[in-house]
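Subject: the structure I promised you

Hi,

Here is the structure we talked about, so have a look at it in your viewer before reading on. My notes on what turned up follow underneath.

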There are 2 protein chains.
Amino acid sequence: MRTLKYALLGLIDRGPITGYDISKEFEKRIMANFWHAKHSQVYPELKRLLEENLITVELIIQGEKMEKKLYTITTEGHAEFVEWLLLDEPLGVTPKDVFRLRTFFSDFMSASDYEQHLHSQLDKHNFKKASLENSMTKSFDNIPEYGSKEFGDYAVLLGAIMREDSYLAWLKACLGAINRQD
Amino acid sequence: MRTLKYALLGLIDRGPITGYDISKEFEKRIMANFWHAKHSQVYPELKRLLEENLITVELIIQGEKMEKKLYTITTEGHAEFVEWLLLDEPLGVTPKDVFRLRTFFSDFMSASDYEQHLHSQLDKHNFKKASLENSMTKSFDNIPEYGSKEFGDYAVLLGAIMREDSYLAWLKACLGAINRQD
DNA sequence: GCAAATCATGTCAATAGTTACATGTTATAT
DNA sequence: ATATAACATGTAACTATTGACATGATTTGC
């Protein structure tokens with residue numbers, strides 16, 4: 001599948017970037033809402049893309065002697081990225097979710113234990129939702145124009161908020177289902 | 001993390017079961033909505049659980065000579081499973097989503113190409129939602145009692161439907177955002 | 001001045017998961 | 001009868017991902 005390959009090509013296609021900055025995108029930024037990779041996965045993949053001639057590298061010196069590697073996309077790399085971007089793949093497997101697994105096995109715990117679980121999940125997802133909504137109001141006061149980088153940022157952030165909303169609604173429905181039994 | 005371990009222990013804790021039937025749960029049944037594993041991952045994990053004395057095995061002959069292995073939970077296995085079930089873990093990493101990745105990079109494709117993607121996704125998720133809703137109406141005409149196996153089935157199925165609903169709403173919002181620009 | 005955080009790049013061992021290979025039995029439909 | 005699908009269990013090679021180890025430079029706050 002090599003999805004990481006295309007995530008890296010896409011980021012590099014935005015302009016020259018270092019492996020460190022790519023890792024930051026995955027770990028802290030908007031991207032973390034739908035993809036992630038540790039630096040220990042990023043560096044070897046960059047090495048591979050280089051060997052495949054999809055990117056080039058330029059060594060630069062920051063300050064006195066700190067070395068940085070700036071990666072740039074090649075024509076070939078851009079072509080492969082755009083080809084992938086237009087692919088219409090079948091829906092992948094449903095994502096794994098440990099809390100749903102615990103819910104599936106809720107018959108092995110008491111109602112009060114499961115309720116405690118639900119309240120803890122509500123807290124955590126409410127916190128996450130608030131953080132996402134904060135990003136949204138700070139970054140966007142109207143819908144960015146299609147074709148801009150900002151449109152993509154907006155769309156995936158909106159998706160992340162809606163996903164949290166839906167998860168919260170589900171948790172509340174589970175709480176309701178425990179208590180409102182006829 | 002060994003989540004597969006606990007998924008297997010939970011299934012075996014419901015009663016003696018074969019590796020084949022466990023694999024079926026992951027591939028075809030309700031479980032596929034939040035966890036999955038191929039038989040090539042299930043059989044070695046069962047072997048390991050056996051070595052760890054969390055389960056026992058009984059060889060039975062089906063018909064003339066077809067061998068089946070029935071796995072049963074041990075006291076130790078049950079204890080470990082329940083202990084895991086009550087753990088309140090921090091939220092795991094956000095699940096990966098290839099279509100969200102493509103959306104993030106939508107500035108590299110034309111509006112009509114992205115709209116085509118959105119319509120294709122709408123089709124696929126509508127189909128999935130319809131299939132889930134069919135399971136729901138076929139299996140449940142009211143909310144099962146908390147504590148029954150059916151409650152877990154109902155809750156995760158409801159969650160799966162809500163997740164599809166939310167995804168569909170997001171896709172429609174993206175469509176709207178392309179066109180309704182001020 | 002100096003400690004801590006952050007910048008910056010990498011490797012290695014281990015775990016998790018997929019795909020392909022491998023084999024044989026039993027039920028079902030034609 | 002016989003082919004096909006489903007039942008049943010496994011291994012091997014490979015890809016993906018994580019966590020720990022390893023090293024050094026630069027900036028920031030006190």
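Let's begin inside one chain. Chain A is split into domain 1, residues 3-85, and domain 2, residues 98-179. Bear in mind as you read that this is a predicted model.

**Between the domains of chain A**

The C-alpha centres of domain 1 and domain 2 of chain A sit 30 Å apart. Where they touch, 4 residues of domain 1 of chain A are in contact with 7 residues of domain 2 of chain A. About 490 Å² is buried between these two domains of chain A, with carbon and sulfur atoms accounting for 64% of that area. On the domain 1 side, A:R14, A:I30 and A:N33 lose the most area to domain 2 of chain A, and together they make up 89% of what that side buries.

As for polar links, there are 0 salt bridges between domain 1 and domain 2 of chain A, and 1 residue pair is in polar contact, counting pairs where both are at pLDDT 80 or more. The domain 1 residues that touch domain 2 of chain A break down into 2 nonpolar, 1 polar and 1 charged.

**Between the chains**

Now for chain A against chain B. The contact draws on 77 residues from chain A and 77 residues from chain B. The area buried between the two chains is about 7,300 Å², and 65% of it comes from carbon and sulfur atoms. Which three residues supply more of the area that chain A buries against chain B than any other three? They are A:F104, A:F108 and A:Y146, which supply 11% of that area.

On the polar side, 36 residue pairs are in polar contact between chain A and chain B, both residues being at pLDDT 80 or more. Several helices of chain A each bring at least two residues to the side that touches chain B: helix 1 (3-13), helix 4 (75-85), helix 5 (98-104), helix 6 (111-139) and helix 7 (149-179). Helix 7 of chain A gives the most to that side, with 19 residues. By type, the chain A residues that touch chain B are 41 nonpolar, 19 polar and 17 charged.

**Salt bridges**

Over all chains the structure holds 26 salt bridges. One pair to pull up on screen crosses between chains: B:D107 is in the loop between helix 5 (98-104) and helix 6 (111-139) of chain B, while A:R14 is in the loop between helix 1 and helix 2 (19-28) of chain A. The side chains of these two, B:D107 and A:R14, form a salt bridge at 2.8 Å, N to O. Across the interface of chain A and chain B there are 6 salt bridges. You have met A:R14 already, among the residues of domain 1 that lose the most area to domain 2 of chain A.

**How the copies are related**

A turn of 180 degrees with a shift of 0.0 Å along the axis lays chain A on chain B with an RMSD of 0.0 Å. The two copies are therefore related as by a two-fold rotation axis. Both copies use the same surface, as 100% of the contact residues of chain A recur in chain B.

Cheers

Note on methods. Residues are numbered from 1 along each chain as its sequence is written. Chains are lettered from A and ligands numbered from 1 in the order in which they are written. This is a predicted model: local features need pLDDT of at least 70, side-chain atom pairs count only at pLDDT 80 or more; totals for chains, interfaces and linings use all residues. Side-chain values use heavy atoms; hydrogens and water are left out. Contact means heavy atoms within 4.5 Å. Buried area is the accessible area (1.4 Å probe) that two parts lose on being put together, summed over both. A salt bridge is a side-chain nitrogen of Lys or Arg within 4 Å of a carboxyl oxygen of Asp or Glu. A polar contact is a pair of N or O atoms within 3.5 Å; within protein, one must be able to donate a hydrogen and the other to accept it, and residues adjacent in sequence count only if both atoms are side-chain atoms. Helices (H or I, at least four residues) and strands (E, at least two) are DSSP runs, numbered from the N terminus. Ala, Val, Leu, Ile, Met, Phe, Trp, Tyr, Cys and Pro count as nonpolar, Asp, Glu, Lys and Arg as charged, and the others, Gly among them, as polar. Copies are superposed by least squares on the C-alpha atoms of residues with pLDDT of at least 70 in both. Domain bounds come from an automatic or database domain assignment.
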